[in-house]
Amino acid sequence: MDIDKMRFEHLMVERDFACAASTLRCVFWNIGQWKDIWCPVDTVYVNYDDGCHQEFEMRVQWSGRQQHVRTVRLLTEAGDILFFCPTPPFNLVYQSGLWAFQDCANGCRVRAERWFIPRMQKNQEMDRFKNEFKQRLIELLLRISDSVVE
(Lines give C-alpha, C1' and ligand atoms only; values in the text may rest on other atoms or scores of the structure.)
Protein backbone atom coordinates (compact mmCIF):
# COMPACT_ATOMS: atom_id res chain seq x y z
CA MET A 1 0.00 0.00 0.00
CA ASP A 2 1.22 3.47 -0.87
CA ILE A 3 0.50 5.50 2.27
CA ASP A 4 0.95 8.80 0.39
CA LYS A 5 -2.10 8.02 -1.75
CA MET A 6 -4.34 6.99 1.12
CA ARG A 7 -6.83 9.24 2.89
CA PHE A 8 -6.36 10.06 6.57
CA GLU A 9 -9.45 9.81 8.71
CA HIS A 10 -10.02 11.79 11.90
CA LEU A 11 -12.06 11.16 15.05
CA MET A 12 -12.57 13.29 18.14
CA VAL A 13 -14.47 12.65 21.36
CA GLU A 14 -14.59 14.69 24.57
CA ARG A 15 -15.64 13.92 28.11
CA ASP A 16 -15.81 15.90 31.34
CA PHE A 17 -14.36 14.43 34.52
CA ALA A 18 -14.92 15.45 38.14
CA CYS A 19 -11.21 15.65 38.96
CA ALA A 20 -8.21 17.82 38.20
CA ALA A 21 -6.47 17.47 34.85
CA SER A 22 -3.22 16.57 36.64
CA THR A 23 -4.90 13.59 38.34
CA LEU A 24 -6.37 12.34 35.11
CA ARG A 25 -3.15 12.87 33.15
CA CYS A 26 -1.42 10.46 35.56
CA VAL A 27 -4.07 7.80 34.93
CA PHE A 28 -3.64 8.15 31.16
CA TRP A 29 0.16 8.13 31.38
CA ASN A 30 0.30 5.07 33.66
CA ILE A 31 -0.38 2.69 30.79
CA GLY A 32 0.67 -0.34 32.85
CA GLN A 33 -2.56 -0.03 34.87
CA TRP A 34 -4.87 0.06 31.83
CA LYS A 35 -5.34 -3.72 31.89
CA ASP A 36 -7.04 -3.23 35.28
CA ILE A 37 -9.27 -0.44 33.91
CA TRP A 38 -10.26 -1.51 30.41
CA CYS A 39 -11.02 -5.17 29.62
CA PRO A 40 -9.86 -5.18 25.95
CA VAL A 41 -6.26 -4.73 27.23
CA ASP A 42 -4.72 -8.14 27.91
CA THR A 43 -1.11 -7.19 28.64
CA VAL A 44 1.09 -4.11 28.64
CA TYR A 45 4.89 -4.07 28.47
CA VAL A 46 6.46 -0.66 29.09
CA ASN A 47 9.81 -0.67 27.28
CA TYR A 48 10.78 2.90 28.16
CA ASP A 49 9.38 5.66 30.36
CA ASP A 50 11.31 8.71 31.56
CA GLY A 51 8.20 10.70 32.52
CA CYS A 52 8.15 12.63 29.23
CA HIS A 53 8.75 9.90 26.65
CA GLN A 54 7.23 6.46 26.74
CA GLU A 55 7.28 3.40 24.54
CA PHE A 56 5.11 0.38 25.21
CA GLU A 57 3.64 -2.70 23.62
CA MET A 58 0.24 -4.09 24.42
CA ARG A 59 -1.95 -6.97 23.46
CA VAL A 60 -5.54 -5.86 23.00
CA GLN A 61 -8.79 -7.38 21.82
CA TRP A 62 -10.20 -5.56 18.81
CA SER A 63 -12.65 -6.78 16.19
CA GLY A 64 -12.68 -10.22 17.75
CA ARG A 65 -8.91 -10.66 17.51
CA GLN A 66 -6.01 -10.30 19.88
CA GLN A 67 -3.65 -7.73 18.45
CA HIS A 68 -0.14 -6.56 19.19
CA VAL A 69 0.22 -2.75 19.21
CA ARG A 70 3.40 -0.75 19.77
CA THR A 71 3.05 2.89 20.78
CA VAL A 72 5.43 5.80 21.35
CA ARG A 73 4.14 8.72 23.45
CA LEU A 74 5.28 12.21 24.39
CA LEU A 75 4.07 14.28 27.32
CA THR A 76 4.12 17.88 26.08
CA GLU A 77 4.98 20.98 28.11
CA ALA A 78 1.26 21.86 28.01
CA GLY A 79 0.50 18.49 29.62
CA ASP A 80 -1.08 16.75 26.63
CA ILE A 81 -0.09 13.26 25.53
CA LEU A 82 0.81 12.85 21.84
CA PHE A 83 1.39 9.41 20.34
CA PHE A 84 1.94 7.36 17.22
CA CYS A 85 1.90 3.63 16.63
CA PRO A 86 4.86 2.16 14.73
CA THR A 87 2.86 -1.08 15.00
CA PRO A 88 -0.82 -0.11 14.77
CA PRO A 89 -3.75 -2.50 15.22
CA PHE A 90 -4.06 -4.89 12.26
CA ASN A 91 -7.06 -3.04 10.80
CA LEU A 92 -5.08 0.21 10.53
CA VAL A 93 -2.22 1.12 8.23
CA TYR A 94 -1.40 4.16 10.37
CA GLN A 95 -2.51 5.64 13.69
CA SER A 96 -1.53 8.68 15.73
CA GLY A 97 -3.40 10.77 18.24
CA LEU A 98 -3.53 12.79 21.39
CA TRP A 99 -5.08 13.01 24.80
CA ALA A 100 -5.63 16.70 25.67
CA PHE A 101 -6.45 17.77 29.24
CA GLN A 102 -8.08 21.05 30.22
CA ASP A 103 -9.06 22.14 33.72
CA CYS A 104 -12.57 23.57 33.93
CA ALA A 105 -14.95 24.76 36.66
CA ASN A 106 -16.06 21.35 37.95
CA GLY A 107 -13.01 19.27 37.09
CA CYS A 108 -11.47 18.80 33.69
CA ARG A 109 -12.24 17.93 30.09
CA VAL A 110 -10.40 15.30 28.11
CA ARG A 111 -10.29 15.41 24.33
CA ALA A 112 -9.25 12.29 22.47
CA GLU A 113 -8.26 12.71 18.84
CA ARG A 114 -7.17 10.07 16.38
CA TRP A 115 -5.73 10.31 12.89
CA PHE A 116 -5.64 7.02 11.07
CA ILE A 117 -5.67 5.17 7.78
CA PRO A 118 -7.83 2.05 7.84
CA ARG A 119 -6.97 -0.96 5.72
CA MET A 120 -10.44 -1.00 4.17
CA GLN A 121 -11.28 1.78 1.73
CA LYS A 122 -14.94 1.11 0.86
CA ASN A 123 -17.27 3.85 2.10
CA GLN A 124 -19.80 1.48 3.68
CA GLU A 125 -17.09 -0.39 5.60
CA MET A 126 -15.43 2.91 6.50
CA ASP A 127 -18.56 4.36 8.09
CA ARG A 128 -19.07 1.25 10.21
CA PHE A 129 -15.41 1.15 11.21
CA LYS A 130 -15.29 4.84 12.18
CA ASN A 131 -18.42 4.44 14.29
CA GLU A 132 -16.96 1.38 16.07
CA PHE A 133 -13.66 3.21 16.62
CA LYS A 134 -15.48 6.23 18.09
CA GLN A 135 -17.55 3.99 20.38
CA ARG A 136 -14.33 2.30 21.51
CA LEU A 137 -12.86 5.67 22.52
CA ILE A 138 -16.07 6.62 24.34
CA GLU A 139 -16.02 3.29 26.20
CA LEU A 140 -12.38 3.81 27.21
CA LEU A 141 -13.18 7.28 28.58
CA LEU A 142 -16.12 5.86 30.53
CA ARG A 143 -13.96 3.11 32.06
CA ILE A 144 -11.27 5.60 33.04
CA SER A 145 -13.95 7.86 34.53
CA ASP A 146 -15.20 4.94 36.62
CA SER A 147 -11.66 4.24 37.86
CA VAL A 148 -10.77 7.77 38.97
CA VAL A 149 -11.18 8.51 42.65
CA GLU A 150 -10.03 11.84 43.98
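These are legends for close-up views of side-chain contacts in a predicted model.

**View 1. Arg 70 and Glu 55 join two strands through a salt bridge.**
Start with one of the seven salt bridges counted here. An N atom and an O atom of Arg 70 and Glu 55 come to 2.6 Å from each other. Arg 70 belongs to strand β4 (residues 65–75) and Glu 55 to strand β3 (residues 53–62), so this contact ties together parts that sit 15 residues apart in sequence. As for accessibility, Arg 70 is partly exposed at 29%, whereas Glu 55, at 17%, is buried.

**View 2. Arg 111 and Glu 113 make a salt bridge.**
Here the closest N and O atoms are 2.7 Å apart. Which label fits Glu 113, buried or exposed? Glu 113 is buried, with a relative accessibility of 11%. Its partner Arg 111 comes out at 27% and counts as partly exposed.

**View 3. Arg 128 and Glu 132 pair up along helix α3.**
The N to O distance in this salt bridge is 3.2 Å. Helix α3 covers residues 123–147, and the two partners are four residues apart in it, which means about one helical turn between them. Both side chains get some exposure: Arg 128 is partly exposed at 47%, and Glu 132 is partly exposed at 37%. Elsewhere, look for Glu 139, Arg 143 and Asp 146, which shared salt-bridge partners join into one network.

**View 4. Phe 28 sits in a cluster of aromatic rings.**
The model has eight aromatic pairs. In one of them, the ring centres of Phe 28 and Trp 99 lie 4.6 Å apart with 55° between the planes, so the pair is tilted. Phe 28 comes from helix α1 (residues 21–29) and Trp 99 from strand β6 (residues 92–104), so to speak a link between distant parts of the chain, 71 residues apart. Phe 28 also pairs with Phe 101, this time edge-to-face, at 5.3 Å between centres and 70° between planes. That contact again runs from helix α1 to strand β6, spanning 73 residues. Phe 28 and Trp 99 are both buried, and Phe 101 is buried too. Add Trp 34, and ring pairs link these four residues into the cluster.

**View 5. Two arginines place their charged ends over phenylalanine rings.**
At one site, the charged end of Arg 65 sits over the ring of Phe 90, 3.7 Å from the ring centre. At another, Arg 15 has its charged end over the ring of Phe 17, with 6.0 Å to the centre.

Note on methods. Residues numbered from 1 in each chain as written. Predicted model: local features only at pLDDT ≥ 70, side-chain atom pairs only at ≥ 80, totals over all residues. Heavy atoms only, no water. Salt bridge = Lys/Arg side-chain N within 4 Å of Asp/Glu carboxyl O. Buried < 20%, exposed > 50% of the residue type's maximum accessible area, 1.4 Å probe, protein only. Phe/Tyr/Trp six-rings, centres within 6.5 Å; stacked < 30°, edge-to-face > 60°. Lys NZ or Arg CZ within 6 Å of the ring centre and 35° of its normal.
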